Amino acid sequence: MAKGTDETGSNRPKLALHVPEPRYRPGDTVDFSDLNIPEPGKQPRPDETAPAKDTYPLCDDLIRVLGDDHQAHGPWDPRLSPETLRQMLREMALVRAFDNRMYRAQRQGKTSFYMKCTGEEATSVCATHALAGDDMIFPSYRQQGCLIARGYELTEMINQIYSNKADKLKGRQLPIMYCSKRLNFFSISGNLATQLPQATGFAMASASKGDSRIAATWVGEGSTAEGDFHSALTFATVYNAPVIFNVINNQWAISSFSGFAGAERATFAARAIGYGIAGLRVDGNDPLAVYAAERWAADRARSNAGPTLIEHFTYRAEGHSTSDDPSAYRSAEEREEWPLGDPVTRLKRHLVALGEWSKEQHEAMDDELDAMVRAAMKEAEKNGILGHGLHHPFGTMFEDVFEELPWHLKEQSEQAIRERQIKWPEDPAE
Amino acid sequence: MTMAKDPTIDEFASMVAEAGPSREMNMIEAINSALDVMLGRDDDVILLGEDIGYFGGVFRCTAGLQEKYGKTRVFDTPISECGIIGVAVGMGAYGLRPVPEIQFADYIYPGLDQLISEAARLRYRSAAEFIAPMTVRSPFGGGIFGGQTHSQSPEAIFTHVSGLKTVIPATPYDAKGLLISCIEDNDPVIFFEPKRIYNGPFSGYYDKPAKTWKGYAEAQVPEGYYKIPLGKARKVSEGEALTVLAYGTMVHVAEEVCRQKGVDAEILDLRTLVPLDIEAIEASIEKTGKCMIVHEATRTSGFGAELSALVQERCFYHLEAPIERVTGFDTPYPHSLEWAYFPGPVRIGEAIDKLLSE
């Protein structure tokens, strides 16, 4: 027997394995009153170039600006112009209108898959407003708000969702896995958290060239469990890379609640502490707080003061995707009881309280945006919907595996074209 | 960013003529020279990896380069292969041409998701908006008493991945010319360096004194810039009796066994596994009618299986005997019994005898 203490096993207490369990399951009555929601405006705002440790109290706090009185409070108030606020409101509302129409399009069989970001619009739209247009975005899969905030054409998005013949990605990617080099929006991967070290690498490259561009990346709280998260934050702190890590803590990773990523023990913002980088925890449903936190991190990165981890505390109001049914694993009351409200409603009420917006204007805007989305859908449908033959030519399947087509892919391409000729002899052209 | 189209063979030849005077280099010096030339030619080339900076790498391949080009072009990294490959993807997105070093091929596995799901697929999934023009250098193969975690030959993992090129040199001259081609290539390349022949060619007779590259024509390496095209095999010897398909260390072992046995073998050093020089393979087998494939990696689903299938599919009516595959065994690489694992002269000799007896 191995040497050790004299105690034998029989005298010791039995070990117990802890398997996390969310507080509420389907049918449960939800009570969020014990969630610590601090008063808006009370959180201190360190200077952007302050030592990282000055931010650590904020990792357990929650940066909030908008109060129940619909006014902005405290040092994190970004003091944005009414025009900017209206623009952010419009873009968030457009994301929501787009999500609703695309969800229905999937249900109507026009595509295979869709993912809404309902309730999380501020974490992408308002964060993007805090960045410069040439800063590089490394998104996860629920950041359609970043693209819309950068002015991507709705028709292009829908072409991608339909994988039709006008899809710029040639029908190769699952719907919503957008990419736009023109808008500095990196190609979305289905493998989670891989974008984090990539964002760090982009930031390192920019710094090594003496450039002024920074990188910002997004990840769900669930996939912070991936090794890539650790690699990315380690590299970021080692090289003081100008990068912002946005962790969208929307409480759910498909059916797994945030406890399976460690939320029972510490906040996600608190992970910054172990790496010695700045960390902020922000009310993700407060558009002004999201903008202010992202702007703080961007200014910090741009002044060579290093990376920031921002936890956006929010709630995934809808299912993970069109392939998911959240009523199977969580209480439907959660969405209604969520104590941080809805980002679109909160910004709308703020603008109304400022005398810069009205209920009538908002209703008119919603109608206009919905019409805009429907017009874009109509336009995109001219290029086809998924599975109705209007896809890219067969030969394109073999392009872009490499820069040039090697002999083995050339042979396989000929095979694919031959198969098509056998199957559809009347239409061999494509 | 976009490089010119690959030069023709004739253009390559004139490039070599312009590459300046040659001197004798071992494979480490040749690799160092390739990196030096590329760091000097292209400001977007950047080197990163564990211990490669001030120290110059555990095999010294990057010695002196940090001093010459500075800490922001040649630097050490945390011990994280996922991080090394992941940041290299991001650097490529910025427009750099990163050359990450993975200290041993055996350590590459934590970086596989970034290589397979990201670097290899980025061009395709973004319809060529973003590319990953990185060259991942890594020493591979056994024969140095490295035990099972410093001896592996994982090339078949990468040849199986669409979107990756896999390149393996067998001489100092090829190592430099191929590495420069890889760095200038706009696709991700796995560049495996056979560490058993870093310092000299290896005959497979491990009990004989080790040789250096001194005096070998293949160790005469131009000091300047030249390229060897990817996808082109090297004909090591002309022959009529059988064709040997090999790469890396095994080229030298097969060559020595054929010499000892007096076999008139045509030996092809494949140099690039993907894209493969299928024309050279077909032409040789059509001439000899017999084929022996040699690699150090484990046998099952090894690259030899792919070669064997290709030869069977394309040259069946020229074959006069079943194809012979000589490989490592399907075990981890054992420390004390590494020469029992290694596909050495006895295993190769037996395969040759079988082929020639048909």
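**Exercise 1. How many residues does helix 8 of chain A have, and how far does helix 8 reach from its first C-alpha to its last?**

Before solving, some ground rules: this is a predicted model, where local features need pLDDT of at least 70, side-chain atom pairs count only at pLDDT 80 or more, and totals for chains, interfaces and linings use all residues. Residues are numbered from 1 along each chain as its sequence is written, while chains are lettered from A and ligands numbered from 1 in the order in which they are written.

*Solution.*
- Step 1: find the helix. Helices (H or I, at least four residues) and strands (E, at least two) are DSSP runs, numbered from the N terminus.
- Step 2: count and span. Helix 8 of chain A has 16 residues and reaches 22 Å, close to the 22 Å expected at 1.5 Å a residue. The expected span is 1.5 Å times one less than the number of residues.
- Step 3: check the cover. A residue is buried if 20 or more other C-beta atoms lie within 10 Å of its own, exposed if 12 or fewer, and partly exposed in between, with C-beta atoms placed from the backbone. On that count, 13 of the 16 residues of helix 8 of chain A are buried.
- Step 4: look just past the end. A:N304 follows helix 8 of chain A and has a positive phi, near 60°.

**Exercise 2. Work out what covers the buried residues of helix 2 of chain A.**

*Solution.*
- Step 1: go to residues 121-129 of chain A, where 9 of the 9 residues of helix 2 are buried. Among them are A:E121, A:C126 and A:H129.
- Step 2: look for contacts (C-beta atoms, placed from the backbone, within 7 Å). The cover includes helix 1 (82-107), helix 3 (144-149), strand 3 (243-249), helix 8 (287-302), strand 7 (308-313) and helix 10 (343-353) of chain A.

**Exercise 3. Put the strands of the open sheet in chain A in order.**

*Solution.*
- Step 1: pair the strands. Two strands pair if DSSP finds at least two bridges between them. This gives 5 strands in the order 1-2-3-7-6, with parallel pairing.
- Step 2: spot the edges. Strand 1 (136-138) and strand 6 (278-283) of chain A each pair on one side only.
- Step 3: get the twist. Axes are lines fitted to C-alpha atoms, for helices over the stretch in contact, and angles run from 0 to 180 degrees between N-to-C directions. Neighbouring strands of this sheet are turned by 20° on average, direction ignored.
- Step 4: zoom in on one pair. Strand 3 and strand 7 of chain A share 6 bridges, and A:V247 sits opposite A:E311 of strand 7.
- Step 5: add a helix. Helix 5 (195-208) of chain A lies across strands 1, 2 (215-220) and 3 of chain A, at about 170° to strand 2.

**Exercise 4. Which way do the residues of strand 7 of chain B point?**

*Solution.*
- Step 1: recall the rule. In a regular strand the side chains alternate between the two faces of the sheet.
- Step 2: apply it. B:V189, B:F191 and B:E193 point one way, B:I190, B:F192 and B:P194 the other, and all are buried.
- Step 3: find the partners. Strand 5 (135-140) of chain B pairs with strand 7 of chain B in the parallel sense over 6 bridges, and strand 6 (165-167) of chain B is joined to strand 7 by 3 bridges, also in parallel.
- Step 4: focus on B:F191. Its bridge partner on one strand is B:R137, and B:V167 stands opposite B:F191 too.

**Exercise 5. Why does B:Y198 count as buried?**

*Solution.*
- Step 1: place B:Y198 in the loop between strand 7 and strand 8 (220-222) of chain B.
- Step 2: count. B:Y198 is buried because it has 22 C-beta neighbours inside 10 Å.
- Step 3: name its contacts. Leaving aside neighbours within four places in sequence, B:Y198 touches B:N26, B:M27, B:I28, B:F59 and B:E193.

**Exercise 6. How many residues does each chain bring to the contact between chains A and B?**

*Solution.*
- Step 1: count both sides. Chain B gives 36 residues and chain A gives 36.
- Step 2: see where the chain B side comes from. Its largest share, 10 residues, belongs to helix 4 of chain B.

Technical notes:
Two residues are in contact if their C-beta atoms, placed from the backbone, lie within 7 Å.
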